[in-house]
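Hi there,

Here is the structure I said I would pass on to you. Have a look at it first, and then read my notes below.

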Amino acid sequence: MMSKKKKEIIIEDLEIVDAGTEGVGIGRHEDTVIFVPYAVPGDIVDVKAIKKRSYYHSKIIQIKKPSPQRVEPACQHFGECGGCKWQQMDYTMQLHYKQKQVVDNFMRIGKFPFPQVNPILPSDDIYTYRNKIEYTFSTRRWLTDTEIISPEKFDNRGLGFHMKGMFDRILDIEKCHLHPDIGNRIRNAIRRYAIENNLSFWDAREREGFLRNLVMRFSSCGDLMLIVVFYNYNADAEKLLNHIHQSFPEITSLLYVINDKLNDVITDLPVNHFAGKTHITERMNELEFKIHPHAFYQTNSKQALKLYTLTKEFAQIKSHEIVYDLYTGIGTIALFVAKEAKKVIGIEYVDAAVESAKENAVINQMDNTDFFAGDMAKIFTQSLIDTQGKPQLIITDPPRAGMHPSVVKQILEIEPERIVYISCNPATQARDIAMIIEKYKVEKVQPVDMFPHTQHVENITLLVKK
Ligand code: SAH
(Lines give C-alpha, C1' and ligand atoms only; values in the text may rest on other atoms or scores of the structure.)
Protein backbone atom coordinates (compact mmCIF):
# COMPACT_ATOMS: atom_id res chain seq x y z
CA MET A 1 0.00 0.00 0.00
CA MET A 2 1.27 3.45 -0.85
CA SER A 3 1.95 5.52 2.20
CA LYS A 4 0.12 8.83 2.32
CA LYS A 5 2.50 11.70 1.71
CA LYS A 6 2.62 13.93 4.77
CA LYS A 7 1.53 17.50 4.15
CA GLU A 8 4.14 20.18 4.20
CA ILE A 9 3.16 23.35 6.02
CA ILE A 10 4.77 26.78 6.03
CA ILE A 11 5.44 28.31 9.42
CA GLU A 12 6.33 31.99 9.40
CA ASP A 13 8.25 34.09 11.89
CA LEU A 14 9.45 31.15 13.91
CA GLU A 15 11.84 32.07 16.69
CA ILE A 16 14.79 29.75 17.29
CA VAL A 17 15.12 29.30 21.02
CA ASP A 18 17.64 26.52 21.52
CA ALA A 19 20.30 24.36 19.87
CA GLY A 20 19.77 20.62 20.23
CA THR A 21 22.28 17.89 20.92
CA GLU A 22 22.14 16.81 17.27
CA GLY A 23 23.36 20.27 16.32
CA VAL A 24 20.06 21.55 14.94
CA GLY A 25 18.18 24.70 15.91
CA ILE A 26 14.98 24.32 17.90
CA GLY A 27 11.75 26.32 17.73
CA ARG A 28 8.18 25.73 18.94
CA HIS A 29 4.92 25.75 17.05
CA GLU A 30 1.63 25.27 18.91
CA ASP A 31 3.48 23.49 21.73
CA THR A 32 5.28 21.15 19.35
CA VAL A 33 9.04 21.15 18.91
CA ILE A 34 10.36 22.06 15.46
CA PHE A 35 13.87 21.02 14.48
CA VAL A 36 15.46 23.54 12.14
CA PRO A 37 18.85 22.51 10.71
CA TYR A 38 21.38 25.34 10.28
CA ALA A 39 19.35 27.80 12.37
CA VAL A 40 20.96 29.81 15.17
CA PRO A 41 19.25 30.59 18.48
CA GLY A 42 17.87 34.12 18.14
CA ASP A 43 17.06 33.74 14.41
CA ILE A 44 13.54 34.53 13.19
CA VAL A 45 12.88 32.26 10.23
CA ASP A 46 10.20 31.02 7.84
CA VAL A 47 10.31 27.26 7.43
CA LYS A 48 8.76 24.45 5.45
CA ALA A 49 7.80 21.81 8.01
CA ILE A 50 6.54 18.25 8.05
CA LYS A 51 4.95 16.80 11.16
CA LYS A 52 6.51 13.59 12.42
CA ARG A 53 5.02 11.82 15.45
CA SER A 54 5.80 14.28 18.22
CA TYR A 55 7.81 16.96 16.44
CA TYR A 56 8.22 18.82 13.19
CA HIS A 57 11.18 18.42 10.87
CA SER A 58 11.80 21.54 8.79
CA LYS A 59 13.94 23.46 6.33
CA ILE A 60 14.61 27.20 6.37
CA ILE A 61 13.00 29.06 3.45
CA GLN A 62 14.02 32.50 4.57
CA ILE A 63 15.85 34.09 7.46
CA LYS A 64 13.59 37.01 8.39
CA LYS A 65 15.88 38.37 11.09
CA PRO A 66 19.29 36.87 11.74
CA SER A 67 20.39 36.18 15.30
CA PRO A 68 23.03 38.64 16.55
CA GLN A 69 25.20 35.52 17.09
CA ARG A 70 24.96 34.46 13.44
CA VAL A 71 28.33 34.63 11.69
CA GLU A 72 29.53 34.02 8.13
CA PRO A 73 30.69 30.38 7.81
CA ALA A 74 34.26 30.04 6.56
CA CYS A 75 33.56 26.99 4.45
CA GLN A 76 32.22 26.88 0.90
CA HIS A 77 30.66 23.46 1.66
CA PHE A 78 28.72 24.67 4.69
CA GLY A 79 25.05 23.72 4.54
CA GLU A 80 25.65 20.57 2.49
CA CYS A 81 28.48 18.96 4.41
CA GLY A 82 27.21 17.52 7.68
CA GLY A 83 30.63 17.92 9.33
CA CYS A 84 30.41 21.39 10.88
CA LYS A 85 26.81 22.13 11.70
CA TRP A 86 27.62 25.16 13.86
CA GLN A 87 29.94 27.17 11.61
CA GLN A 88 27.30 29.86 11.25
CA MET A 89 27.15 30.25 15.05
CA ASP A 90 29.48 32.57 16.91
CA TYR A 91 32.08 30.50 18.82
CA THR A 92 31.05 31.89 22.22
CA MET A 93 27.51 30.71 21.55
CA GLN A 94 28.77 27.27 20.51
CA LEU A 95 30.57 27.03 23.85
CA HIS A 96 27.43 28.10 25.71
CA TYR A 97 25.39 25.30 24.15
CA LYS A 98 28.09 22.70 24.78
CA GLN A 99 28.18 23.70 28.44
CA LYS A 100 24.38 23.53 28.56
CA GLN A 101 24.46 20.03 27.05
CA VAL A 102 26.51 18.82 30.03
CA VAL A 103 24.24 20.51 32.61
CA ASP A 104 21.04 19.30 30.88
CA ASN A 105 22.24 15.69 30.66
CA PHE A 106 23.37 15.62 34.27
CA MET A 107 20.02 17.03 35.37
CA ARG A 108 17.69 15.06 33.08
CA ILE A 109 19.45 11.72 32.82
CA GLY A 110 21.74 11.76 35.85
CA LYS A 111 19.33 13.33 38.35
CA PHE A 112 22.15 13.38 40.93
CA PRO A 113 23.49 16.40 42.79
CA PHE A 114 26.52 18.05 41.23
CA PRO A 115 28.43 21.28 41.82
CA GLN A 116 28.45 24.22 39.46
CA VAL A 117 29.96 23.07 36.16
CA ASN A 118 33.28 24.83 35.45
CA PRO A 119 33.25 27.06 32.38
CA ILE A 120 34.07 25.01 29.27
CA LEU A 121 37.67 25.23 28.12
CA PRO A 122 37.68 26.67 24.59
CA SER A 123 39.83 25.31 21.77
CA ASP A 124 42.87 27.46 20.86
CA ASP A 125 42.26 26.80 17.19
CA ILE A 126 38.73 26.81 15.91
CA TYR A 127 39.88 25.74 12.43
CA THR A 128 42.66 23.33 11.34
CA TYR A 129 42.41 21.49 14.64
CA ARG A 130 41.91 17.95 13.33
CA ASN A 131 44.93 15.67 13.08
CA LYS A 132 43.07 12.91 11.25
CA ILE A 133 40.62 12.89 8.36
CA GLU A 134 39.15 10.31 6.02
CA TYR A 135 37.92 10.88 2.48
CA THR A 136 35.89 8.53 0.30
CA PHE A 137 35.92 8.07 -3.47
CA SER A 138 32.54 7.67 -5.12
CA THR A 139 30.93 7.38 -8.52
CA ARG A 140 27.89 9.15 -7.06
CA ARG A 141 28.84 12.65 -6.23
CA TRP A 142 26.17 14.82 -4.59
CA LEU A 143 25.04 17.30 -7.25
CA THR A 144 24.22 20.91 -6.44
CA ASP A 145 20.72 22.25 -7.19
CA THR A 146 22.12 24.17 -10.18
CA GLU A 147 23.81 21.05 -11.56
CA ILE A 148 20.59 19.04 -11.22
CA ILE A 149 18.50 21.46 -13.30
CA SER A 150 21.28 22.16 -15.80
CA PRO A 151 21.04 20.36 -19.19
CA GLU A 152 24.83 19.95 -19.14
CA LYS A 153 26.25 16.55 -18.22
CA PHE A 154 28.57 16.55 -15.22
CA ASP A 155 31.25 14.16 -14.13
CA ASN A 156 29.72 12.26 -11.24
CA ARG A 157 32.95 11.08 -9.70
CA GLY A 158 33.73 12.63 -6.35
CA LEU A 159 36.18 12.49 -3.48
CA GLY A 160 34.97 13.82 -0.18
CA PHE A 161 32.67 13.15 2.78
CA HIS A 162 29.57 10.99 3.01
CA MET A 163 26.32 12.93 2.84
CA LYS A 164 24.52 12.49 6.14
CA GLY A 165 22.61 9.22 6.26
CA MET A 166 23.64 8.16 2.73
CA PHE A 167 25.98 5.24 2.28
CA ASP A 168 26.58 5.89 -1.42
CA ARG A 169 26.53 9.68 -1.85
CA ILE A 170 29.68 11.75 -1.43
CA LEU A 171 30.00 15.50 -1.21
CA ASP A 172 32.99 16.42 -3.35
CA ILE A 173 35.33 18.47 -1.16
CA GLU A 174 37.47 21.25 -2.55
CA LYS A 175 38.66 22.65 0.76
CA CYS A 176 38.12 21.45 4.31
CA HIS A 177 39.06 23.96 7.01
CA LEU A 178 39.34 21.44 9.83
CA HIS A 179 42.76 20.01 8.91
CA PRO A 180 46.00 21.56 7.63
CA ASP A 181 45.76 22.88 4.06
CA ILE A 182 48.38 20.46 2.73
CA GLY A 183 45.66 17.82 3.11
CA ASN A 184 43.48 19.75 0.66
CA ARG A 185 46.27 19.96 -1.88
CA ILE A 186 47.01 16.24 -1.61
CA ARG A 187 43.34 15.23 -1.93
CA ASN A 188 42.71 17.53 -4.90
CA ALA A 189 45.88 16.38 -6.69
CA ILE A 190 44.91 12.72 -6.23
CA ARG A 191 41.40 13.36 -7.58
CA ARG A 192 42.83 15.24 -10.59
CA TYR A 193 45.31 12.45 -11.33
CA ALA A 194 42.63 9.77 -10.95
CA ILE A 195 40.24 11.52 -13.33
CA GLU A 196 42.93 12.32 -15.90
CA ASN A 197 44.09 8.70 -15.85
CA ASN A 198 40.56 7.37 -15.87
CA LEU A 199 40.94 5.30 -12.69
CA SER A 200 37.60 3.98 -11.48
CA PHE A 201 36.05 5.29 -8.24
CA TRP A 202 34.20 3.06 -5.79
CA ASP A 203 30.53 2.51 -6.50
CA ALA A 204 28.91 1.61 -3.18
CA ARG A 205 25.73 0.32 -4.85
CA GLU A 206 27.31 -1.86 -7.49
CA ARG A 207 30.12 -2.70 -5.04
CA GLU A 208 32.84 -2.18 -7.57
CA GLY A 209 35.59 0.31 -8.35
CA PHE A 210 39.32 0.65 -7.83
CA LEU A 211 39.83 3.71 -5.58
CA ARG A 212 38.08 3.59 -2.20
CA ASN A 213 39.44 5.86 0.56
CA LEU A 214 42.17 8.21 1.69
CA VAL A 215 43.17 8.52 5.34
CA MET A 216 45.44 11.38 6.39
CA ARG A 217 47.11 11.90 9.76
CA PHE A 218 49.04 15.04 10.64
CA SER A 219 51.36 15.36 13.62
CA SER A 220 52.53 18.50 15.36
CA CYS A 221 56.11 17.23 14.86
CA GLY A 222 55.67 17.66 11.09
CA ASP A 223 54.85 14.06 10.20
CA LEU A 224 52.19 13.36 7.61
CA MET A 225 50.79 9.90 7.01
CA LEU A 226 48.72 9.08 3.94
CA ILE A 227 46.96 5.74 3.57
CA VAL A 228 45.44 5.04 0.16
CA VAL A 229 42.77 2.34 0.14
CA PHE A 230 42.42 0.36 -3.12
CA TYR A 231 40.05 -2.45 -4.01
CA ASN A 232 43.02 -4.34 -5.44
CA TYR A 233 46.69 -3.66 -6.04
CA ASN A 234 47.97 -3.41 -9.60
CA ALA A 235 50.25 -1.33 -11.86
CA ASP A 236 47.82 1.63 -11.70
CA ALA A 237 48.04 1.62 -7.91
CA GLU A 238 51.80 1.64 -8.07
CA LYS A 239 51.80 4.50 -10.60
CA LEU A 240 49.45 6.55 -8.45
CA LEU A 241 51.53 5.97 -5.32
CA ASN A 242 54.68 6.93 -7.21
CA HIS A 243 53.00 10.08 -8.46
CA ILE A 244 51.96 11.02 -4.89
CA HIS A 245 55.40 10.21 -3.54
CA GLN A 246 57.10 12.46 -6.10
CA SER A 247 54.57 15.31 -5.85
CA PHE A 248 54.44 15.57 -2.06
CA PRO A 249 57.73 15.32 -0.18
CA GLU A 250 55.73 16.49 2.88
CA ILE A 251 54.33 12.96 3.22
CA THR A 252 56.58 11.17 5.70
CA SER A 253 54.66 7.93 5.63
CA LEU A 254 52.98 6.63 2.47
CA LEU A 255 50.99 3.45 3.03
CA TYR A 256 48.21 1.52 1.34
CA VAL A 257 45.50 -0.96 2.22
CA ILE A 258 43.71 -3.45 0.00
CA ASN A 259 40.03 -3.58 0.86
CA ASP A 260 37.90 -5.98 -1.17
CA LYS A 261 35.17 -6.14 1.49
CA LEU A 262 31.78 -4.51 1.05
CA ASN A 263 32.25 -2.01 3.88
CA ASP A 264 34.82 0.76 4.29
CA VAL A 265 36.23 -0.37 7.65
CA ILE A 266 39.98 -0.90 7.32
CA THR A 267 41.05 -1.32 10.95
CA ASP A 268 40.89 -5.10 10.52
CA LEU A 269 43.07 -5.08 7.39
CA PRO A 270 46.86 -5.16 7.09
CA VAL A 271 48.60 -1.90 6.19
CA ASN A 272 51.26 -2.07 3.46
CA HIS A 273 54.31 0.12 3.29
CA PHE A 274 55.10 2.11 0.12
CA ALA A 275 57.52 4.84 1.24
CA GLY A 276 58.80 6.56 4.37
CA LYS A 277 58.05 5.52 7.95
CA THR A 278 55.33 3.13 9.12
CA HIS A 279 54.15 5.45 11.90
CA ILE A 280 53.94 9.10 12.87
CA THR A 281 55.34 10.64 16.02
CA GLU A 282 53.43 12.97 18.30
CA ARG A 283 54.79 14.90 21.22
CA MET A 284 52.99 15.97 24.35
CA ASN A 285 55.12 17.94 26.82
CA GLU A 286 58.20 15.78 27.33
CA LEU A 287 56.43 12.63 26.16
CA GLU A 288 56.76 11.08 22.74
CA PHE A 289 54.14 8.81 21.22
CA LYS A 290 54.64 6.53 18.26
CA ILE A 291 51.31 6.25 16.47
CA HIS A 292 50.71 3.36 14.08
CA PRO A 293 48.15 3.62 11.26
CA HIS A 294 45.24 1.92 13.05
CA ALA A 295 45.88 3.39 16.51
CA PHE A 296 43.50 5.87 18.13
CA TYR A 297 44.90 9.26 19.09
CA GLN A 298 42.82 12.22 20.32
CA THR A 299 41.82 14.12 17.17
CA ASN A 300 42.62 17.60 18.47
CA SER A 301 46.22 17.35 19.71
CA LYS A 302 46.44 20.75 21.43
CA GLN A 303 43.18 20.20 23.31
CA ALA A 304 44.26 16.67 24.22
CA LEU A 305 47.13 18.19 26.19
CA LYS A 306 44.66 20.43 28.05
CA LEU A 307 42.32 17.48 28.65
CA TYR A 308 45.11 15.35 30.10
CA THR A 309 46.55 18.21 32.16
CA LEU A 310 43.14 18.76 33.77
CA THR A 311 42.73 15.03 34.27
CA LYS A 312 46.05 14.98 36.16
CA GLU A 313 45.03 18.03 38.20
CA PHE A 314 41.69 16.46 39.14
CA ALA A 315 43.33 13.13 39.94
CA GLN A 316 45.80 14.49 42.57
CA ILE A 317 47.78 11.26 42.43
CA LYS A 318 50.05 10.41 45.37
CA SER A 319 53.31 8.55 44.82
CA HIS A 320 52.15 5.39 46.64
CA GLU A 321 48.96 5.03 44.61
CA ILE A 322 47.97 2.44 42.02
CA VAL A 323 46.04 3.87 39.08
CA TYR A 324 43.95 2.09 36.44
CA ASP A 325 43.44 3.78 33.08
CA LEU A 326 40.42 2.12 31.49
CA TYR A 327 40.01 2.42 27.68
CA THR A 328 43.62 3.50 27.44
CA GLY A 329 44.04 3.42 23.62
CA ILE A 330 47.78 3.70 22.97
CA GLY A 331 48.33 4.44 26.65
CA THR A 332 48.48 8.22 26.38
CA ILE A 333 46.72 9.07 29.64
CA ALA A 334 48.45 6.24 31.51
CA LEU A 335 51.86 7.52 30.40
CA PHE A 336 50.88 11.14 31.04
CA VAL A 337 50.18 10.43 34.73
CA ALA A 338 52.70 7.61 35.30
CA LYS A 339 55.38 9.77 36.92
CA GLU A 340 53.02 10.72 39.76
CA ALA A 341 51.95 7.16 40.60
CA LYS A 342 53.44 4.00 42.00
CA LYS A 343 52.03 2.01 39.12
CA VAL A 344 49.58 2.49 36.25
CA ILE A 345 47.61 -0.29 34.58
CA GLY A 346 46.04 0.42 31.17
CA ILE A 347 43.28 -1.68 29.61
CA GLU A 348 42.15 -1.53 25.99
CA TYR A 349 40.61 -3.98 23.53
CA VAL A 350 42.53 -3.18 20.32
CA ASP A 351 45.60 -5.45 20.39
CA ALA A 352 47.68 -3.16 18.15
CA ALA A 353 46.93 -0.18 20.44
CA VAL A 354 48.11 -2.16 23.46
CA GLU A 355 51.30 -3.07 21.58
CA SER A 356 51.79 0.66 20.86
CA ALA A 357 51.13 1.52 24.52
CA LYS A 358 53.85 -0.93 25.60
CA GLU A 359 56.23 0.45 22.97
CA ASN A 360 55.47 4.03 24.07
CA ALA A 361 56.11 3.07 27.70
CA VAL A 362 59.59 1.87 26.67
CA ILE A 363 60.30 4.98 24.54
CA ASN A 364 59.34 7.21 27.49
CA GLN A 365 61.00 5.00 30.10
CA MET A 366 57.85 4.55 32.14
CA ASP A 367 58.54 1.15 33.58
CA ASN A 368 55.88 1.45 36.27
CA THR A 369 53.15 0.87 33.65
CA ASP A 370 51.59 -2.26 32.27
CA PHE A 371 48.95 -2.78 29.60
CA PHE A 372 46.36 -5.48 29.03
CA ALA A 373 44.39 -6.20 25.87
CA GLY A 374 40.78 -7.36 25.80
CA ASP A 375 37.16 -6.39 26.22
CA MET A 376 36.82 -4.34 29.41
CA ALA A 377 33.98 -6.44 30.78
CA LYS A 378 36.16 -9.57 30.48
CA ILE A 379 39.60 -8.24 31.44
CA PHE A 380 38.82 -5.81 34.24
CA THR A 381 38.02 -8.53 36.77
CA GLN A 382 38.74 -9.40 40.38
CA SER A 383 41.54 -11.71 39.30
CA LEU A 384 43.32 -8.83 37.51
CA ILE A 385 42.90 -6.70 40.65
CA ASP A 386 44.27 -9.59 42.74
CA THR A 387 47.42 -9.78 40.62
CA GLN A 388 47.96 -6.08 39.83
CA GLY A 389 46.69 -4.49 43.04
CA LYS A 390 43.65 -2.50 44.06
CA PRO A 391 43.54 1.01 42.58
CA GLN A 392 43.07 4.12 44.68
CA LEU A 393 42.22 5.97 41.48
CA ILE A 394 40.43 4.86 38.33
CA ILE A 395 40.60 6.99 35.20
CA THR A 396 38.02 5.94 32.64
CA ASP A 397 37.63 7.26 29.09
CA PRO A 398 35.10 5.04 27.30
CA PRO A 399 33.75 5.49 23.73
CA ARG A 400 30.44 7.31 23.10
CA ALA A 401 28.36 4.35 24.24
CA GLY A 402 29.77 4.72 27.75
CA MET A 403 30.71 1.84 30.01
CA HIS A 404 29.11 -1.60 29.99
CA PRO A 405 26.92 -1.99 33.12
CA SER A 406 29.16 -4.84 34.31
CA VAL A 407 32.20 -2.52 34.15
CA VAL A 408 30.35 0.11 36.21
CA LYS A 409 29.40 -2.62 38.69
CA GLN A 410 33.00 -3.74 38.91
CA ILE A 411 34.15 -0.15 39.68
CA LEU A 412 31.51 0.00 42.41
CA GLU A 413 32.81 -3.22 43.91
CA ILE A 414 36.44 -2.07 43.85
CA GLU A 415 35.45 1.23 45.46
CA PRO A 416 38.50 3.32 44.52
CA GLU A 417 38.88 6.55 46.49
CA ARG A 418 38.59 8.64 43.35
CA ILE A 419 37.31 8.23 39.81
CA VAL A 420 38.09 10.60 36.96
CA TYR A 421 35.53 9.96 34.25
CA ILE A 422 36.36 11.47 30.84
CA SER A 423 33.56 11.27 28.32
CA CYS A 424 32.76 12.37 24.79
CA ASN A 425 29.05 11.84 25.45
CA PRO A 426 27.59 13.47 28.58
CA ALA A 427 24.34 11.48 28.18
CA THR A 428 26.00 8.10 28.70
CA GLN A 429 28.33 9.63 31.28
CA ALA A 430 25.32 10.84 33.29
CA ARG A 431 23.71 7.38 33.00
CA ASP A 432 26.89 5.64 34.24
CA ILE A 433 27.49 8.08 37.11
CA ALA A 434 23.88 7.63 38.26
CA MET A 435 24.71 3.94 38.81
CA ILE A 436 27.53 4.70 41.25
CA ILE A 437 26.26 7.85 42.90
CA GLU A 438 25.12 6.01 46.04
CA LYS A 439 28.80 5.63 47.00
CA TYR A 440 30.30 8.70 45.31
CA LYS A 441 29.98 12.45 45.30
CA VAL A 442 30.46 14.52 42.15
CA GLU A 443 33.22 16.90 43.14
CA LYS A 444 34.17 18.66 39.90
CA VAL A 445 32.79 18.89 36.38
CA GLN A 446 34.85 20.37 33.55
CA PRO A 447 33.76 20.41 29.90
CA VAL A 448 36.47 20.82 27.25
CA ASP A 449 35.90 21.76 23.62
CA MET A 450 37.77 19.39 21.33
CA PHE A 451 35.58 19.85 18.23
CA PRO A 452 34.67 23.47 17.34
CA HIS A 453 31.74 23.93 14.92
CA THR A 454 30.23 20.61 15.96
CA GLN A 455 27.83 19.92 18.80
CA HIS A 456 30.25 17.45 20.38
CA VAL A 457 31.57 18.09 23.87
CA GLU A 458 34.16 16.33 26.00
CA ASN A 459 33.56 16.30 29.74
CA ILE A 460 35.73 15.43 32.75
CA THR A 461 34.06 14.55 36.04
CA LEU A 462 35.81 13.92 39.34
CA LEU A 463 34.01 11.54 41.70
CA VAL A 464 35.15 11.11 45.27
CA LYS A 465 34.10 8.29 47.61
CA LYS A 466 31.57 9.41 50.22
N1 SAH B 1 42.04 7.16 26.57
C2 SAH B 1 42.52 7.07 25.21
C3 SAH B 1 41.49 6.48 24.24
C4 SAH B 1 40.07 6.87 24.40
S5 SAH B 1 39.00 6.37 23.10
C6 SAH B 1 43.01 8.42 24.74
O7 SAH B 1 42.78 9.42 25.38
O8 SAH B 1 43.65 8.47 23.68
C9 SAH B 1 38.25 4.95 23.76
C10 SAH B 1 39.09 3.68 23.64
O11 SAH B 1 38.31 2.62 24.17
C12 SAH B 1 39.47 3.27 22.23
O13 SAH B 1 40.85 3.09 22.15
C14 SAH B 1 38.73 1.94 22.02
O15 SAH B 1 39.46 1.03 21.23
C16 SAH B 1 38.57 1.43 23.43
N17 SAH B 1 37.43 0.53 23.68
C18 SAH B 1 36.17 0.64 23.18
N19 SAH B 1 35.38 -0.32 23.65
C20 SAH B 1 36.14 -1.08 24.48
C21 SAH B 1 35.87 -2.26 25.27
N22 SAH B 1 34.67 -2.82 25.29
N23 SAH B 1 36.89 -2.76 26.01
C24 SAH B 1 38.12 -2.17 26.01
N25 SAH B 1 38.41 -1.07 25.27
C26 SAH B 1 37.45 -0.53 24.51
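Asn300 is buried in this predicted model, and its relative accessible area is just 2%. That value is under the 20% cut-off, so Asn300 counts as buried. You'll find Asn300 in the loop that runs between strand 15 (287-291) and helix 5 (301-315). If you ignore its neighbours within four places in sequence, Asn300 is in contact with Ser123, Tyr129, Asn131, Met450 and Pro452.

Asp203 is another buried loop residue to click on. Its loop sits between helix 3 (181-196) and strand 10 (211-218). The relative accessibility of Asp203 is 9%, so Asp203 counts as buried. What does the side chain of Asp203 make a polar contact with? The partner is the side chain of Arg140, at 3.4 Å. Not counting residues up to four places away in sequence, Asp203 touches Thr139 and Glu208 as well as Arg140.

Now for the ligand. There are 16 residues around the ligand, and the closest are Gln298, Tyr308, Glu348, Asp375 and Asp397. By type, the shell splits into 8 nonpolar, 5 polar and 3 charged residues. Nitrogen atoms of the ligand come up in three pairs that you can check on screen:

- Tyr327 has a backbone N or O atom 2.9 Å from a nitrogen atom of the ligand.
- Tyr349 also places a backbone N or O atom by a ligand nitrogen, at 3.1 Å.
- Asp397 uses its side chain instead, with an N or O atom 2.8 Å from a nitrogen atom of the ligand.

On its own, the ligand has 570 Å² of accessible area, and the protein covers 88% of that.

If you zoom out, the domain assignment gives three stretches to colour: domain 1 (8-70), domain 2 (95-125 + 300-465) and domain 3 (132-284). Notice that domain 2 is written as two segments. Taken over C-alpha atoms, the centres of domain 1 and domain 3 are 36 Å apart.

While you are in domain 1 (8-70), try Lys64, which belongs to strand 6 (residues 55-65). Is Lys64 buried, exposed or partly exposed? It is partly exposed, because its relative accessible area of 35% lies between the 20% and 50% cut-offs. The side chain of Lys64 makes a polar contact with the side chain of Asp46, at 3.0 Å. Setting aside neighbours within four places in sequence, the contacts of Lys64 are Glu12, Asp13, Ile44, Val45 and Asp46. As for Ile44, it is 20 residues from Lys64 in sequence, but the two C-alpha atoms are 5.4 Å apart in space.

Last, two residues with a backbone angle you may want to look at. Lys111 is not a glycine, yet its phi is positive, near 55 degrees. Lys111 lies in the loop between helix 1 (91-110) and strand 7 (132-138), and it is exposed, with a relative accessible area of 67%. Gln365 has a positive phi too, of about 50 degrees, and is not a glycine either. Look for Gln365 in the loop between helix 7 (351-363) and strand 18 (369-373). With a relative accessible area of 69%, which is over the 50% cut-off, Gln365 counts as exposed.

Cheers

Note on methods
Residues numbered from 1 in each chain as written. Predicted model: local features only at pLDDT ≥ 70, side-chain atom pairs only at ≥ 80, totals over all residues. Heavy atoms only, no water. Near = heavy atom within 4 Å. Polar contact = N/O pair within 3.5 Å; in protein donor to acceptor, adjacent residues only side chain to side chain. Areas by Shrake-Rupley, 256 points an atom, 1.4 Å probe, with all protein chains shown as cover. Nonpolar A, V, L, I, M, F, W, Y, C, P; charged D, E, K, R; others polar. Helix = DSSP H or I, 4+ residues; strand = E, 2+ residues; numbered from the N terminus. Buried < 20%, exposed > 50% of the residue type's maximum accessible area, 1.4 Å probe, protein only. Contact = heavy atoms within 4.5 Å. Domains from an automatic or database assignment.
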